[in-house]
Every structure is written in C-alpha cells, then in structure tokens.
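The exercises below are to be worked with the sequence and the model open side by side. Each task is followed by a solution in steps.

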Amino acid sequence: MKALTKTVIETALEEELAEHLGYDRHDPLGRNRGNSRNGKRAKTVLTDSGEVAIEVPRDRDGSFEPVIVAKRQRRLANIDQIVLSL
C-alpha cells in the first residue's frame, strides 16, 4: 500500500509541476525558458498506513506551490481512500 501511495503522490506532483511550468518533462518547449525543473527534494509524509518517503519536484524560481502535498505539510488524511479509488 505504501509503494502505491508513493507512486500516486509523486505522479500527481509531477503533473502539478508540468501544469505550473506549461510543458511536460523532456519537452523541447522547455528549453531556454526562464523557469525549469530543478531536481527533487526528499520528504516524509504521515498517512493512515504509516510514513511514506516521497520526492517532491522543484523549479528554479521556487514558485511551484504543490496542492496535493503543500509545502511544510507532513500529514495526509484520507489519502489511502483516494489511492484505492484510483
């Protein structure tokens, strides 16, 4: 369950970043733009099924504000039901 939760959260975060930047990963549209991907940072969140270590993508400007796992958020309530429904 933890591995599935990790995959769902990280995929959602990648999609949020793609929406924020306006292009998908490895898309030529992203070349020579002001803001681009800048790696990932590790984060541990507490879910109903226990601790899950995730990697949150970053952008160069630091303007990316994730919605599914907000900055400084450590607890995710009811995420297990969302994962199971998918």
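## Fold and conventions

Along its sequence, the protein chain follows the pattern α-β-β-α. The model is predicted, and local features need pLDDT of at least 70, side-chain atom pairs count only at pLDDT 80 or more, while totals for chains, interfaces and linings use all residues. Residues are numbered from 1 along each chain as its sequence is written, and side-chain values use heavy atoms, with hydrogens and water left out.

## Exercise 1: Elements and strand pairing

Task: state how many helices and strands the protein chain has, and how S1 and S2 run and are joined.

Solution.

Step 1. The protein chain has two helices and two strands; helices (H or I, at least four residues) and strands (E, at least two) are DSSP runs, numbered from the N terminus.

Step 2. S1 and S2 run antiparallel and are joined by nine bridges; two strands pair if DSSP finds at least two bridges between them.

Step 3. A hairpin through two residues connects S1 to S2. Val45 has Val52 in S2 as its bridge partner.

Step 4. For the overall extent, the C-alpha atoms of the protein chain fill a box of roughly 40 × 25 × 15 Å along the principal axes.

## Exercise 2: The nonpolar core

Task: list the residues of the largest nonpolar core.

Solution.

Step 1. Apply the definition: a nonpolar core is a set of buried Ala, Val, Leu, Ile, Met, Phe, Trp, Tyr and Cys residues joined through side-chain atoms within 4.5 Å. Buried means under 20% relative accessible area, exposed over 50%, and partly exposed in between (1.4 Å probe, protein chains only).

Step 2. The largest such core has 11 residues: Val8, Ile9, Leu13, Val45, Val52, Ile54, Val56, Val69, Leu76, Ile79 and Val83. At least two residues of this core come from each of H1, S2 and H2.

Step 3. Take Ile79 as an example. Apart from neighbours within four places in sequence, Ile79 is in contact (heavy atoms within 4.5 Å) with Thr5, Ile9 and Thr47.

Step 4. Across the protein chain, buried residues make up 36% of the 86 residues.

## Exercise 3: Salt bridges

Task: find how many salt bridges the whole structure holds.

Solution.

Step 1. The criterion is a side-chain nitrogen of Lys or Arg within 4 Å of a carboxyl oxygen of Asp or Glu. A search of the whole structure gives three.

Step 2. Lys6 and Glu10 meet at 3.0 Å, N to O. The two are four residues apart in helix H1, and so are separated by about one helical turn.

Step 3. Glu14 bridges to Lys40, with the closest N and O atoms 3.6 Å apart. This pair links distant parts of the chain, Glu14 in helix H1 and Lys40 in strand S1, 26 residues apart. Glu14 counts as buried because its relative accessibility is 18%, whereas Lys40, at 39%, is partly exposed.

Step 4. Lys71 pairs with Glu65, the closest N and O atoms being 3.5 Å apart. Lys71 is partly exposed, at 30% relative accessibility.

## Exercise 4: A buried lysine

Task: which side chain of opposite charge is nearest to Lys43, and how far away is it?

Solution.

Step 1. Lys43 lies in strand S1, residues 37-47.

Step 2. The nearest side chain of opposite charge is Glu65, 9.4 Å away, and the buried Lys43 has no salt bridge. For this purpose Lys and Arg count as positive and Asp and Glu as negative; His and the chain ends are not counted.

Step 3. The side chain of Lys43 instead reaches the backbone oxygen of Ala70 at 2.9 Å.

Step 4. Beyond four places in sequence, the contacts of Lys43 include Val69, Ala70, Lys71 and Arg72.

## Exercise 5: Loop residues

Task: compare where Asn35, His26 and Arg72 lie, and state whether each is buried or exposed.

Solution.

Step 1. Asn35 lies in the loop between H1 and S1 and counts as buried because its relative accessibility is 15%. Its side chain makes a polar contact with the side chain of Asp59 at 2.8 Å. A polar contact is a pair of N or O atoms within 3.5 Å; within protein, one must be able to donate a hydrogen and the other to accept it, and residues adjacent in sequence count only if both atoms are side-chain atoms.

Step 2. A polar atom of the Asn35 side chain also lies 3.2 Å from the backbone nitrogen of Arg60.

Step 3. His26 lies in the loop between helix H1 (2-21) and S1, and is exposed at 72% relative accessibility. Phi of His26 is positive, near 65 degrees, in a residue other than glycine.

Step 4. Arg72 lies in the loop between strand S2 (50-59) and helix H2 (79-85). Arg72 is exposed, with a relative accessible area of 74%, and has a positive phi of about 65 degrees although it is not a glycine.
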